[in-house]
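User: I would like to go through the packing of this protein one step at a time. Please take the sequence and structure as shown here.

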Amino acid sequence: MKGVRFVELAEEHIGPIMEIEKRSQSSPWSERSFRNELDHAHGVFIVALADGTVVGYAGAWVLADEAHVTTIAVDPDRRLSGIGRALMDELLERAKNLGATCSTLEVRAGNEPAIKLYEAMGYVGVGLRKKYYPDNKEDAVVMWLYDLDKIQ
Ligand SMILES: CC(C)(COP(=O)(O)OP(=O)(O)OC[C@H]1O[C@@H](n2cnc3c(N)ncnc32)[C@H](O)[C@@H]1OP(=O)(O)O)[C@@H](O)C(=O)NCCC(=O)NCCS
């Protein structure tokens, strides 16, 4: 993606990530949760930088042949310009290099932007986890992309 590069998560990114996280998620991760990703044995965690500024991030855990996407967010001022899609493409490419052949995730049932992004890539909703999110008891949609070679 023009003007945006992807790097692995480093300590220096955690402050800017927390700013985006608080503006993006109704139940934000703690700093500690992001720090745990710095040296997660099965993790892949990438940060999108534009002119050296953090504009988004995404993470996954690769367990056996599955890439479980754990988080993604884009700076609210930089959305709808392709960064989210580029982050997902880069994340899954790196997960593939670690042995993943398929991917799964959970998303809030009311999170239309994220669901549209995943559907556009070929993820399909396969079920609901009822009242999965403790903050508002919202359902989670469980989505799968069965073949990472078939990303649309
Ligand atoms: C979901 C999110 C990461 C998308 O990031 P983004 O950079 O705005 O997404 P992109 O510009 O790359 O959009 C890619 C596709 O996603 C879909 N999409 C993204 N935002 C959308 C919106 N507001 N409404 C409808 N579709 C949307 C579209 O299909 C879009 O493709 P198109 O532009 O060709 O129509 C961003 O909205 C975000 O950070 N949300 C808050 C955090 C969050 O909800 N994370 C997901 C947790 S599971």
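The exchange below covers one helix, its surroundings, the nonpolar cores and the aromatic contacts of a predicted model.

User: Which residues of helix α4 are buried, and where do they lie around the helix?

Analyst: In this predicted model, α4 spans residues 112-121 and E112 and P113 are exposed on its other side. Seen down the axis of α4, the buried residues fall within an arc of 125°, so they line one face of the helix. Those buried residues are A114, I115, Y118 and M121.

User: What do the buried residues of α4 pack against?

Analyst: One partner is a helix, α3 (83-97). The others are the strands β4 (66-74), β5 (102-108) and β7 (140-145).

User: What phi does G122 take, just after α4?

Analyst: G122 follows directly on the end of α4, and its phi is positive. The value is about 110°.

User: Which element gives the most residues to the largest nonpolar core?

Analyst: The largest nonpolar core has 33 residues, and those with the most contacts inside it are L87, M88, L92, V107, Y118 and Y123. At least two residues each come from β1 (4-8), β2, β3, β4, α3, β5, α4 and β7. With 7 residues, the element that gives the most is α3.

User: How many residues does the other core have, the one that lies apart?

Analyst: This other core is separate from the largest one, and its members include V7, I17, F45 and V54. The number of residues in it is 13.

User: Why does the aromatic pair of F45 and Y57 tie together parts that are apart in sequence?

Analyst: The rings of F45 and Y57 are stacked, at 6.3 Å centre to centre and with 10° between the planes. F45 lies in β2 (residues 43-50) and Y57 in β3 (residues 53-63), so the pair ties together parts that are 12 residues apart in sequence.

User: Is Y57 buried or exposed?

Analyst: Residues count as buried when their relative accessible area is under 20%. The pair partner F45, at 5% relative accessibility, counts as buried. For Y57 the relative accessibility is 0%, so Y57 counts as buried.

User: Which residues are linked into a cluster by ring pairs?

Analyst: A search of the whole structure finds 7 aromatic pairs. The cluster that ring pairs link together consists of W29, F34, F45 and Y57.

User: How far is the charged end of R108 from the centre of the ring of Y133?

Analyst: The charged end of R108 sits over the ring of Y133. Its distance from the centre of that ring is 4.2 Å.

Notes
Residues are numbered from 1 along each chain as its sequence is written. This is a predicted model: local features need pLDDT of at least 70, side-chain atom pairs count only at pLDDT 80 or more; totals for chains, interfaces and linings use all residues. Side-chain values use heavy atoms; hydrogens and water are left out. Buried means under 20% relative accessible area, exposed over 50%, partly exposed in between (1.4 Å probe, protein chains only). Helices (H or I, at least four residues) and strands (E, at least two) are DSSP runs, numbered from the N terminus. The arc is that of the directions from the helix axis to the C-beta atoms. Contact means heavy atoms within 4.5 Å. Rings of Phe, Tyr and Trp (its six-membered ring) pair if their centres lie within 6.5 Å; planes under 30 degrees apart count as stacked, over 60 as edge-to-face and the rest as tilted. A charge sits over a ring if NZ of Lys or CZ of Arg is within 6 Å of the ring centre and within 35 degrees of the ring normal. A nonpolar core is a set of buried Ala, Val, Leu, Ile, Met, Phe, Trp, Tyr and Cys residues joined through side-chain atoms within 4.5 Å.
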